[in-house]
Amino acid sequence: MVGEFRFDGVPSIRFGTGVFAGAGRLIRNYGKSLLLVTGSRSFTSGVAGRDFLEEMKKSGTKIDIVNVDGEPHAEFIDSIVAAFQNSNIDVVMAAGGGSVLDAGKALSAMLTVKGKTWDYLEGNPGMKTHPGTRLPLIAVPTTAGTGSEATKNAVLTTPGEPRYKRSLRHENFVSDIALVDPLLTTGCPPEVTAASGLDAITQLLEAFVSTGSSPLTDALAESGLQKAFGSISRAVHNGDDTEARSGMAYAALLSGIVLANAGLGAVHGYASILGGYFDIPHGVVCGTLLGSVTRVNIQKLRASGSGSEYLDKYSEAGRLMSPRKGESRDYYLDYLADELDRLIDNLSMPRLGQYGIMASDVSALASETGIKNNPIQLDRGDLEAILLSRL
Ligand SMILES: [Fe+2]
């Protein structure tokens with residue numbers, strides 16, 4: 001029997017090599033004033049970006065450009081809102097990595113309300129409920145990772161110390177159009193391709209074995225995992241491999257859809273804590289911890305004698321990753337745990353110690369880590385052991 005589930009809206013998706021050439025036409029459907037949110041270097045200096053700006057100029061579209069350098073801060077969003085609140089912007093287009101897409105999403109929402117972004121962030125004391133209004137939003141990913149082009153939240157860093165990562169979230173914040181052109185990711189350097197690609201794989205695998213998964217999210221997660229496993233190493237080691245880039249762009253898009261509809265697990269529980277206290281990219285936290293968390297989850301599910309459905313799913317993920325077909329469930333469970341470790345090593349994922357995390361930090365970090373929709377309970381000792389294994 002198919003149980004009860006909920007699946008919320010996804011953007012209108014335009015996917016394929018070269019689809020970005022149609023961006024101008026999409027923008028003109030909304031009006032003549034564009035707020036372009038992009039990274040500090042990448043997009044506007046590339047051929048596609050320059051051609052786009054030229055086309056906008058010829059068509060008489062007014063463009064204001066916001067550069068996002070690093071992970072977006074709530075106060076940064078407020079400063080941009082203050083500058084553009086009376087500019088009659090018709091549409092926001094965010095073209096960049098996950099931080100840029102999240103900044104664009106937050107700006108499209110905050111330009112329609114009064115007050116500080118901080119007051120609307122999830123989990124803040126006295127949090128205000130955002131009415132869900134926003135300007136039209138087109139999301140153009142230039143890395144294959146967070147899937148932010150398909151999610152309903154923007155992750156922002158809070159002001160003050162200690163820093164926290166908190167979400168501005170509403171069902172209505174899913175972008176109107178996800179314009180996913182794998183050619184835009186070919187300039188992405190190997191270390192960013194590896195970390196963002198492992199973030200996408202983590203999101204797909206965590207959503208697949210999530211306690212909030214459904215047959216619909218499972219189908220999408222499996223499709224994304226299959227493409228990602230066949231593409232990530234090639235995309236990292238040969239950035240011009242268009243087929244591999246398109247596999248990763250597809251996997252990242254699907255990872256956003258499934259994380260928004262099934263939830264995530266312990267790896268992302270760690271990510272929200274570690275990313276607040278240490279200057280460590282989200283994709284690196286996910287990439288470096290994915291193997292250890294998966295191994296412990298499988299061990300604990302096996303020892304518990306329950307959770308057979310989750311072991312079946314982990315086994316299916318191992319089967320998708322393996323060149324051998326027709327093996328047993330146990331074979332694929334062991335294969336998945338071993339192969340994820342090998343992949344993480346082959347992609348040279350940094351260890352946590354490289355970002356200043358020490359053994360003396362582990363107890364406090366584990367005490368704050370929540371496991372979200374992880375398929376099996378992890379206790380404090382498990383959470384500490386996982387961190388220690390990747391220092
Ligand atoms: Fe993630």
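**An iron site, salt bridges and a few local features**

Ser-196 is found in helix α6, where helices (H or I, at least four residues) and strands (E, at least two) are DSSP runs numbered from the N terminus. This is a predicted model, in which local features need pLDDT of at least 70, side-chain atom pairs count only at pLDDT 80 or more, and totals for chains, interfaces and linings use all residues. Residues are numbered from 1 along each chain as its sequence is written, and side-chain values use heavy atoms, with hydrogens and water left out.

Back to Ser-196: at 12% relative accessibility, the residue counts as buried. Buried here means under 20% relative accessible area, exposed over 50%, and partly exposed in between (1.4 Å probe, protein chains only). Setting aside neighbours within four places in sequence, Ser-196 is in contact with Thr-143, Ala-144 and Gly-145, contact being heavy atoms within 4.5 Å. Thr-143 sits 53 residues from Ser-196 in sequence, yet the C-alpha to C-alpha separation is 7.1 Å.

Helix α6 also holds part of the iron site, since Gln-203 lies in this helix (residues 190–208). The iron ion has four protein donors, namely Asp-199 (OD), Gln-203 (OE1), His-268 (NE2) and His-282 (NE2), lying 2.1 Å from it. Donors are N, O and S atoms within 2.8 Å of the metal (3.2 Å for Na, K and Ca); water is not among the atoms, so sites may look incomplete. Along the chain, the donors follow the spacing D-x3-Q-x64-H-x13-H. Gln-203 and His-268 link distant parts of the chain, with His-268 in helix α9 (residues 266–277) and the two positions 65 residues apart. Both Gln-203 and His-268 are buried.

As for geometry, the 4 donor atoms subtend angles of 84 to 150 degrees at the iron ion, so the arrangement is irregular. The cut-offs are these: four donors count as tetrahedral if all angles lie between 85 and 135 degrees; four count as square planar and six as octahedral if opposite donors are over 155 degrees apart and all others between 65 and 115; anything else is irregular. For reference, ideal angles at a metal are 109.5 degrees for four tetrahedral donors.

Next come the charged pairs. The structure holds 23 salt bridges, each one a side-chain nitrogen of Lys or Arg within 4 Å of a carboxyl oxygen of Asp or Glu. One of them pairs Glu-71 with Lys-165 at 2.2 Å, N to O. Glu-71 lies in the loop between β3 (62–68) and α4 (74–84), while Lys-165 is in strand β7 (residues 165–169), so this pair ties together parts that are 94 residues apart in sequence. Glu-71 is partly exposed at 37% relative accessibility, whereas Lys-165 is buried at 19%.

Another salt bridge joins Asp-382 and Lys-300, with 2.6 Å between the closest N and O atoms. This pair, too, links distant parts of the chain: Asp-382 belongs to helix α14 (residues 380–389) and Lys-300 to helix α10 (residues 282–304), 82 residues apart. Asp-382 counts as buried at 16% relative accessibility, and Lys-300 as partly exposed at 24%.

Helix α14 has a salt bridge of its own, in which the side chains of Glu-384 and Arg-380 meet at 3.2 Å, N to O. These two residues are 4 residues apart in the helix, which means a separation of about one helical turn. Both are partly exposed, Glu-384 with a relative accessible area of 21% and Arg-380 with 42%. Elsewhere, salt bridges that share partners join Arg-6, Asp-8, Lys-152 and Glu-171 into one network.

Helix α7 (residues 215–237) contains Leu-216 and Thr-217. Leu-216 is partly exposed at 36% relative accessibility, but Thr-217 is buried at 1%. Not counting residues up to four places away in sequence, Thr-217 touches Phe-7, Val-258, Asn-261 and Ala-262.

Two loop residues round things off. Ser-348, in the loop between α12 (329–346) and α13 (359–368), has a phi near 55 degrees, a positive value in a residue other than glycine. Ser-348 is exposed, with 59% relative accessible area. Lys-372, in the loop between α13 and α14, likewise has a positive phi, about 50 degrees, although it is not a glycine. At 49% relative accessibility, Lys-372 counts as partly exposed.
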